[in-house]
Amino acid sequence: MHPSDIELSVVIPVFNEGPNIGPLCERVRPILDRITGAWEIVFVDDGSADGTLAAIAAVHAEEPRIGAVSFSRNFGKEIAIAAGLDHARGRAVVIMDADLQHPPELIETFVRHWREGYVMVYGQRTDREGESAVKRGFAQIFYRLFERFGETSLPEGAGDFRLIDRKGVEVLRVLGERARFSKGLYAWVGFRQLGVPYAVAKREHGTTKFSFRKLFRFAFDGITSFSTIPLRVWTYVGGVVSLMAFAAALFFAIRTVAFGSDVPGYPSLIVSIMFFSGIQLISLGVIGEYIGRIFAEVKRRPLYVVAERIGGAAQTGDTLT
Ligand code: UDP
Ligand code: MG
């Protein structure tokens, strides 16, 4: 089939989602059939070890429009999405999770708006129920920080669940950065975008694949990929600290002149040394983060390595991109 003959591709990153594959396909297929006959599902198996790929192969056997690209190991969801966009052939591409938390019925609404001319139509979560208060709190802090310092603005509650027109897909594919923060990239692309509110469903099978540590790392990648404020803020901190030190020096000088010298100030000496060393270490660490990123980019390693392929879409696209 010629690439442009496919109207709609659905990209689904999967990491140990074996029991979800069957129910997911069953639920999504009739919806896609209602939209167009020319659809495909591209699973990106992100190094699963639980027979996820076998489950996909079983579905593929009776529905050839469902295929998969399988990584040689776990590369992370962001990279899996990038691979999905590389392999999807549709004139529009929908990205969704495998755990049925993203209601597939919404795809019809996405497509409707896409046909109205929107290049990107994204699902917007109306609530974060089922998430712990701590997680919600951190999410809120993150969005505040990003809103304040990021170079693009992120729509509230928008995630990876979205439809992207071919135009947008091609732009995203050119953005070959390694520390990928898709949410920021989607916004960066621009074009006409529209949000569609939806309620997140409960996870069908299995548990979340994102630990707190992973989420924290993710948030950090987000901020540092779209803002240089952590680098630049040290100029101001340094300035303020120096001013404080200058004021203190003045204070001590005047006090010595007025009242004479008292006990030698070891405590204040130690405190200030520790304070300044701390500041220096933090700022060094921040610079290190960015240099690490530069290092990762200059190595120009491929984003991912494909080990196996199932079905048509998987044959297109390069193994090394
Ligand atoms: N996922 C992935 N690679 C990973 C982690 C997750 O491809 O390293 C997939 C996962 O299989 C699922 C989607 O990303 O389809 C969202 O993951 P999950 O539901 O665990 O995240 P949450 O909904 O808790 O944010
Ligand atoms: Mg989920």
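Trainee: What makes the crossing of helix 2 by helix 1 a right-handed one?

Mentor: A crossing is called right-handed when the near helix is turned clockwise from the far one by less than a right angle, and in this predicted model helix 1 passes helix 2 in just that sense. A helix here is a DSSP run of H or I with at least four residues, numbered from the N terminus.

Trainee: Why are helix 1 and helix 2 called roughly parallel?

Mentor: Their packing angle is about 30°, with the axes 8 Å apart, where axes are lines fitted to C-alpha atoms over the stretch in contact and angles run from 0 to 180 degrees between N-to-C directions. Angles under 35 degrees count as roughly parallel, and therefore helix 1 and helix 2 earn that description. G18, I21, C25 and R29 of helix 1 make the contact with T52, A55, I56, V59 and E62 of helix 2, contact meaning heavy atoms within 4.5 Å. By class there are 5 nonpolar, 2 polar and 2 charged residues in it, with Gly counted as polar.

Trainee: How do you know that helix 1 is roughly parallel to helix 4?

Mentor: The axes of helix 1 (residues 18-35) and helix 4 (residues 106-115) come within 10 Å and cross at roughly 25°, which makes the two helices roughly parallel. Their crossing is right-handed as well. Here I31, L32, R34 and I35 of helix 1 meet I107, E108, V111 and R115 of helix 4, a set that divides into 5 nonpolar, no polar and 3 charged residues.

Trainee: What makes helix 5 and helix 8 roughly parallel?

Mentor: Helix 5 (residues 133-149) packs against helix 8 (residues 212-226) at about 5°, with the axes 10 Å apart, and therefore the pair is roughly parallel. Their contact has 12 nonpolar, 1 polar and 1 charged residues.

Trainee: Why does the pair formed by D99 and ligand 1 count as a polar contact?

Mentor: A polar contact is a pair of N or O atoms within 3.5 Å, and a side-chain N or O atom of D99 is 2.5 Å from an oxygen atom of ligand 1. A side-chain N or O atom of N74 is 3.2 Å from a ligand oxygen, and a backbone N or O atom of A98 lies 3.0 Å from one.

Trainee: What conventions stand behind these values?

Mentor: Residues are numbered from 1 along each chain as written, while chains are lettered from A and ligands numbered from 1 in written order. Local features need pLDDT of at least 70, side-chain atom pairs count only at pLDDT 80 or more, and totals for chains, interfaces and linings use all residues, while side-chain values use heavy atoms, leaving out hydrogens and water.

Terms used:
Angles under 35 degrees count as roughly parallel, over 145 as roughly antiparallel, 65 to 115 as roughly perpendicular and the rest as oblique. A polar contact is a pair of N or O atoms within 3.5 Å; within protein, one must be able to donate a hydrogen and the other to accept it, and residues adjacent in sequence count only if both atoms are side-chain atoms.
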